[in-house]
Amino acid sequence: MPLLTTAARSRLSRLLNWGRTRFSSPGRTQSAWARPARIFVALFLIADLAGTGLLLLPISHTEGEGLTFIEALFTATSALCVCGLAIIGIGTDLSVFGELVVMALIQIGGIGIMTLASVLGAVVVRRFGLRMQLSVQAETRSMAVGDVRGMVTRIVTMSVVCEAVIAAVLLPRFWAHYDMGFLGALYTAAFHSVSAFNNAGLALYDDSLMRYADDAMVLLPLAVATVIGGLGFPVLLEIRRHMGATRAWSLHTKITVTTSALLIAGGALAVTVLEWSNPGTLGPMSIGDKLVNGVFHGIMPRSGGFNSVDVGAMDESTLLVTIMLMFVGGGSGGTAGGIKVATLAVLFLVVWAEIRGHAGVHVFDRRLSPGVIRQALSLTFLSMTVVVGSTVVLLVGTTFSLVEVLFEVVSATGVSGLSTGITPDLPPMAQGLLVLLMLAGRIGPVTFASALALREHTRRYDLAEARPIIG
């Protein structure tokens, strides 16, 4: 006797055919996989507008004139995009409630809007559906959907623990050495630890951290927090899982850690040497303070955003180095911006392989796929196009120099937050453009990289090979 009747086999066949049609069609697959990026963008914009609305409330600012819409929008976007550019004084123009709104936006933007949304969804409806897992995977750049459920908990826990540790280190320093009560010192330490770990670069002071330029006990913990947060959650989780066993690290972790270490050392050396005798920056400092501030400013351009010396007084050679570091940014799937260090490493490895005449690109006993190389080239080219186009627009619409405008554009696009000081003086149109650049710098790499990875499909045929003349 057959296991299935003829009618049952017919129904099963129709079901399988429907499934193949539903999930194998390129258009259907692309549409289904495109939803995480759309959800991410939608929730991000909703959070940005909500933060803007809260900052417009009278309770959010100090007595006197309230914030204009562009001021509230710029501040909310800068916090949510963990950028750090500011056109108002966070500690002077905002009340404690407004500062807490900014700190909440920094935390949301740093941990990830989809990560927090998934936590709320799991708490409210007791579910962690596939669509939400796909959304979190797109934002955190996790390697597989199956590890997203546990990753959400680990990301939130790691963020809170790191911020608490940095705040605990800063608390006694603020309390004992500065004119602060315990609660004031605790609040100051908590705000700046959250801002540092999430690579936001927003401080409670109009001069950022210049008042602490001679205090290594404040600058160094914040620099360490910036480096840790800038590595990216996938890297941090893997280091935690394979502590002391570097051979077990994935290729992405090895590339990110190695390239980050080289950029930190190179940036710190360049800033220290170039600014050593500059009377407007490191010149008047002691040797110890010069070294500390040089290291600090070698780290901050890669999305950190704090400054302990006047960036506008830096030599143009230092500004150029800073611009390049801001364009690169930090690690993927974390709080930093830029094209990411892994992208820079891939581009360097491609050039190195071409110089040596190798057909493939190899690193750490692995071969890079052509798809990864194409994505790195595409992301870098598009980022450069956005920077150049925006710089031209601002040069036409303002009276500032090329270096000043380029610095602000790259800072916004790379969500770094460093500024030569011209941001508050820009016209509203230019500030609105920087808002768009901050959103593009924070949202763009996630959605663009996801789209490139998910749109890949194999051609049923290929064309004859041809070689144009290069160089």
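This is a guided tour of a predicted model, moving from helix contacts to a salt bridge and then to the empty spaces.

**Stop 1: H3 and H5**

Select residues 69-80, which form helix H3, and residues 96-111, which form helix H5. Their axes come within 7 Å. Look along the contact and the two helices cross at roughly 40 degrees. Angles from 35 to 65 degrees fall in the oblique class, so H3 is oblique to H5.

Now show side chains. On the H3 side, pick Thr75, Ala76, Ala79 and Leu80. On the H5 side, pick Val102, Leu105, Ile106, Ile108 and Gly109. These two sets meet. Colour the contact by residue class: seven are nonpolar, two are polar and none is charged.

**Stop 2: H9 and H10**

Move on to helix H9, residues 182-197, and helix H10, residues 216-230. Here the axes lie 7 Å apart, and the packing angle is about 40 degrees. That angle makes H9 oblique to H10.

Which residues of H9 meet H10? Select His192, Ser193, Ala196 and Phe197. Their partners in H10 are Leu222, Ala225, Thr226, Ile228 and Gly229. By class, the contact of H9 with H10 has five nonpolar residues, four polar and no charged.

**Stop 3: a salt bridge**

Stay with this part of the chain and select Asp215, in the loop between H9 and H10. Add Arg173, which sits in helix H8, residues 148-177. Their side chains form a salt bridge, with N to O at 3.1 Å. The partners are 42 residues apart, so select them by number; the pair links distant parts of the chain. How many salt bridges does a search of the whole structure find? It finds two.

**Stop 4: the largest cavity**

Next, turn to enclosed space. The structure holds one cavity of 30 Å³ or more. The largest cavity contains about 60 Å³ of space.

To see its lining, select Asn199, Thr226, Val227, Gly230, Leu231, Ser260, Ile264, Ile299, Arg302 and Gly330. Colour by class again: four of these are nonpolar, five are polar and one is charged. Which helix gives the most to this lining? H10 does, with three residues. Helix H12 (251-275) also supplies at least two, as does H10. Thr226 is worth a second look: this residue lines the cavity and also belongs to the contact of H10 with H9.

**Stop 5: the second largest pocket**

Finish at the second largest pocket, with a volume of about 470 Å³. Its lining is made of 26 residues. Centre the view on Ala86, Asp206, Asp207, Ser208 and Asn307, which lie nearest the middle of the pocket. Then colour the whole lining by class. It divides into 12 nonpolar, 11 polar and three charged residues.

Key
Residues are numbered from 1 along each chain as its sequence is written. This is a predicted model: local features need pLDDT of at least 70, side-chain atom pairs count only at pLDDT 80 or more; totals for chains, interfaces and linings use all residues. Side-chain values use heavy atoms; hydrogens and water are left out. Axes are lines fitted to C-alpha atoms, for helices over the stretch in contact, and angles run from 0 to 180 degrees between N-to-C directions. Helices (H or I, at least four residues) and strands (E, at least two) are DSSP runs, numbered from the N terminus. Angles under 35 degrees count as roughly parallel, over 145 as roughly antiparallel, 65 to 115 as roughly perpendicular and the rest as oblique. Contact means heavy atoms within 4.5 Å. Ala, Val, Leu, Ile, Met, Phe, Trp, Tyr, Cys and Pro count as nonpolar, Asp, Glu, Lys and Arg as charged, and the others, Gly among them, as polar. On a 1 Å grid over the protein atoms alone, a cavity is a set of points where a 1.4 Å probe fits but cannot get out, and a pocket is an open set with protein on both sides within 12 Å along at least five of seven lines; lining residues have an atom within 4 Å of a point. Grid points are joined across faces, edges and corners, and a volume is the space filled by probe spheres set on the points. A salt bridge is a side-chain nitrogen of Lys or Arg within 4 Å of a carboxyl oxygen of Asp or Glu.
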